[in-house]
Amino acid sequence: MSRAALPAATSMDPTCRDVLIMGVAGSGQSGFGREVQIAVDELSLNISSKKTVRSMALNYPAASIDVLKDDLAIALLLQSPWNYFASVGDGTVSLINHLSDEALRCPDEKWVLVGYSQGALVINQTSSFLSSWAWRISGVIMIADPARTATSGRPNYGNAQPGNGITVALPAYPAAHYSSALSGLTVDVCNEVDVVCDFSNLSLAGVLYNKGTEVHSGYTTSTIQLATAPATARAIQAQPAAQMFQPQAVSTGYGKILVSWSPARERGLSVTAYRLILTSTDVQFPRVVDQPANATSATISDLRGGSTYSITISAMSGYQSSLASPPFVIKVPPTPPEIIYAPTLKSRTTTSLTLSWGAPSFDGGSPLTGYRITAEESPTTVGGKVMSTVVPIDGTRSGTIGGLKPGTFYHVVVDPCNAVGCAENSEPNAFMTEPKVFQPPKDAGSLIAVSPSRLLDTRASAAVGADSTVSFQVGGVNGVPADVSAVVFNLTVTEAKSFGFVTAYASGTARPNASNVNFAEGQTVPNSVTVPVGADGKVTLFNRSSGSVQLIADVSGYYLPGTPTAPGTFQGIGPSRLLDTRASAAVGADSTVSFQVGGVNGVPADVSAVVFNLTVTEAKSFGFVTAYASGTARPNASNVNFAEGQTVPNSVTVPVGADGKVTLFNRSSGSVQLIADVSGYYLPGTPTAPGTFQGIGPSRLLDTRASAAVGADSTVSFLVGGVNGVPADVSAVVFNLTVTEAKSFGFVTAYASGTARPNASNVNFAEGQTVPNSVTVPVGADGKVTLFNRSSGSVQLIADVSGYYLR
């Protein structure tokens, strides 16, 4: 029967046949070359009796090696073998591209591949690609394969024993790994002493002197013809007598379709699987999806958005397949773009990063609309922000993301976007914003916050007698300048022999009618004090009682000397009593009293905030007092906590209302008497300079009652910077610290997170006592303040922030 009388394979291209023979010639050969031509002729003759067949020779360099000069091993060693492997690489790419084109053009053709010498190595290097097409390969004939291995188990139609070819035996050359999916379809033709395919079985003398190269080029026609028999037998097998109808497909999401089909009409032959083949002009290689015999649908993902796919399905019976179904054509809807590689840094500031990046490899089938830049703190911290912005398409592929923290590392991702959405999980990169260079405070009245330092402890010398004073040096001690204008310290009264109070004032000045700490006999009471410093650099403490007391002073900050002029700077004054309800009427339960600060006793009318000592006395019930700017909403905070009949002082720093007043709220079921002694104020305006103060409505930043008590000799830290309107990089903070539910006596120390704990105290307490105190303390580099509970029992701690100092 003539070849023309046979029906052509089902295909849109009339040049397609049932079987394609692809030949790859050896080194220095053109066309098929002698050895491959013998195999092609024999295959064509035997297959054409049953099937239509065509053959093609791969066009690739097939670089020549001068084997006449010496045997092939010496040529490989000495005559630029890398040109040889470059030729193999070119052939590998050419074979992949050519077969990919043929698979699209002729989807039902079977393949037989024949390679000789260098051509066999090309097929070997292509085997991983070919493995996905194993179902359509009838056979592979490897003549004198340089990559033959002793353990392959492939039939050999030559007379060589199992052994390794020259590219396997010589480790300096790239190793070829033949796909196991093709092993059962492949035969070798290798004769002994062939220096190319039987190299490992040669002696050194054999390599140098025998005529192995003559064996390599002397394979007989009959040997090669015999090797074509298995491939011929498989090529002429009938395809399964099954009929497939056109599949259907619908889109089910980004890059995803659901393909469904009717079961094959088997006509007596068992179907073992279904094979779907998806091809697209936008995709280099076909997509092959195998499904079990009982399947009637399959979801296929990761398809190229915006591309049109042609889908065919075949019924499989073992290694054989039916003719493909008629194709179903579907366009996959656009998807978000492909991810892009890590961005690079162009420039940075303290609060922004300017980046550039490459284009995505694919736009998702929809034009790009912009790029989303996301910056996340690295590592992410509590309270840390994830910033995101979208920059438009402008041809530069660059953009800036702002609102960042100075000196902070960020994980930065740039995701390309289109009308569908943005890519997810593009490759990140890490960059740090420019660190902020902080200038030390220099304006008069600016605060320099320091780690608390003990400057007075009369327990180490002698108690302060009744109606007596003690002065202690501040200026020129522990880093405090000699000409300091005012100082902030925690004053603790202990071992009191009688009730009374202590007044703090600048050494060498008249003692004011004011109090800073009120105490009962035997009581230990702390309070924060802000007071001017005398010309001799000292502060004087007066014990107004009928018995002696021990006094302790822990300095936590000082104000620079000079006349304050900048907004937010501090002006200390000799304590001045601006409120004493004992001279008028007690403040009733759940009631308020306001008192004038601005424009009184030397305080400017437009003062921004004030520092005063607030004393509660003659309390008819337990409760607390809240101080806040007149005319504003009352905050959820406390300044002084008291019990019935108790006299309790506390320092208060609070903004002043637009009318120049401060309001005090009595949250209790009974009346109280309130006394306010002002010791300083902050100039109005928006503070900008380092060390200047910004008052805020008291804000609760810590309440361990909502989480867990602080254990004995344990710490708790809370975030201040970047919370509730406090800038991330503040230098110090003012807050009211309340201790409650104490299980034992002890004290609490406040200090900057990440620094050594100082030998100082801020609040002293007894078992079961509720005690408040104002605290001025530096803030750690992480924006936190740490509180240490020095006691043998747990305590609950509450912190209400009322202001901060700029760095």
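This passage describes the overall form of a predicted model and then several of its strands, a helix and some loop residues.

The protein chain contains eleven helices and 44 strands. Its radius of gyration is 45 Å, well over the 28 Å that the globule rule gives for 807 residues, so the chain is more spread out than a compact globule. Along the principal axes, the C-alpha atoms fill a box of roughly 130 × 65 × 50 Å. Of the 807 residues, 54% are buried. The exposed surface of the chain comes to about 32,600 Å². Carbon and sulfur atoms supply 52% of that surface. Contacts were also sorted by separation in sequence. Among those between residues at least 6 apart, 77% join residues at least 24 apart.

Helix 1 covers residues 33-47. The expected span follows from its length: at 1.5 Å a residue, its 15 residues should span 21 Å. The end C-alpha atoms are 21 Å apart, which agrees. Many positions of the helix are covered. The buried residues are Gly-33, Glu-35, Val-36, Ile-38, Ala-39, Val-40, Glu-42, Leu-43, Ser-44 and Ile-47. In an α-helix, residues three or four places apart point the same way, because there are 3.6 residues a turn. The cover over the buried residues of helix 1 includes both strands and helices. Among the strands are strand 1 (19-24), strand 2 (53-57), strand 3 (110-116) and strand 4 (137-143). Helix 10 (221-227) and helix 11 (229-235) also contribute.

Further along the chain, Ala-293 lies in the loop between strand 9 (287-292) and strand 10 (297-300). Its relative accessible area is 35%, so Ala-293 counts as partly exposed. Leaving aside residues up to four places away in sequence, Ala-293 touches Val-271, Thr-272, Ala-273 and Tyr-274. Thr-494 is 201 residues from Ala-293 along the chain, and the two C-alpha atoms are separated by 91 Å.

Thr-494 belongs to strand 23, which comprises residues 486-494. Nine of the nine residues of this strand are buried, so strand 23 is largely enclosed by the rest of the structure. In a regular strand the side chains alternate between the two faces of the sheet. In strand 23, Ala-486, Val-488, Asn-490, Thr-492 and Thr-494 point one way. Val-487, Phe-489, Leu-491 and Val-493 point the other way. Residues of both sets are buried. Strand 23 has antiparallel partners. Nine bridges join it to strand 28 (residues 550-559), where Tyr-559 is the bridge partner of Ala-486. Eight bridges join strand 23 to strand 26 (residues 525-532). There, Val-525 is the bridge partner of Val-493.

An open sheet is formed by four strands in the order 22-27-24-25, with antiparallel pairing. Strand 22 (468-473) and strand 25 (517-519) are the edge strands, and each pairs on one side only. From one strand to the next, the twist averages 20 degrees. Six bridges connect strand 22 with strand 27 (residues 538-545) in the antiparallel sense. One bridge pairs Ser-471 with Thr-540 of strand 27.

Asp-467 sits in the loop between strand 21 (447-457) and strand 22. Although not a glycine, Asp-467 has a positive phi of about 50 degrees. Its relative accessibility is 41%, so Asp-467 counts as partly exposed. Asn-601 is not a glycine either, and has a positive phi of about 50 degrees. The loop that holds Asn-601 runs between strand 30 (591-596) and strand 31 (609-617). At 48% relative accessibility, Asn-601 is partly exposed, because exposed residues must be over 50%.

Strand 42 (residues 771-778) is mostly covered, with eight of its eight residues buried. Cover is present on both faces. Val-771, Asn-773, Val-775 and Val-777 are buried on one side. Pro-772, Ser-774, Thr-776 and Pro-778 are buried on the other. Strand 39 (residues 732-740) runs antiparallel to strand 42, and eight bridges join the two. Within this pairing, the bridge partner of Val-733 is Val-777 of strand 42.

Notes: Residues numbered from 1 in each chain as written. Predicted model: local features only at pLDDT ≥ 70, side-chain atom pairs only at ≥ 80, totals over all residues. Heavy atoms only, no water. Pairing = 2+ DSSP bridges. Axes fitted to C-alpha atoms, helices over the stretch in contact; angles between N-to-C directions. Expected span 1.5 Å × (residues − 1). Buried < 20%, exposed > 50% of the residue type's maximum accessible area, 1.4 Å probe, protein only. Contact = heavy atoms within 4.5 Å. Rg over C-alpha atoms; globule rule 2.2 N^0.38 Å. Areas by Shrake-Rupley, 256 points an atom, 1.4 Å probe, with all protein chains shown as cover.
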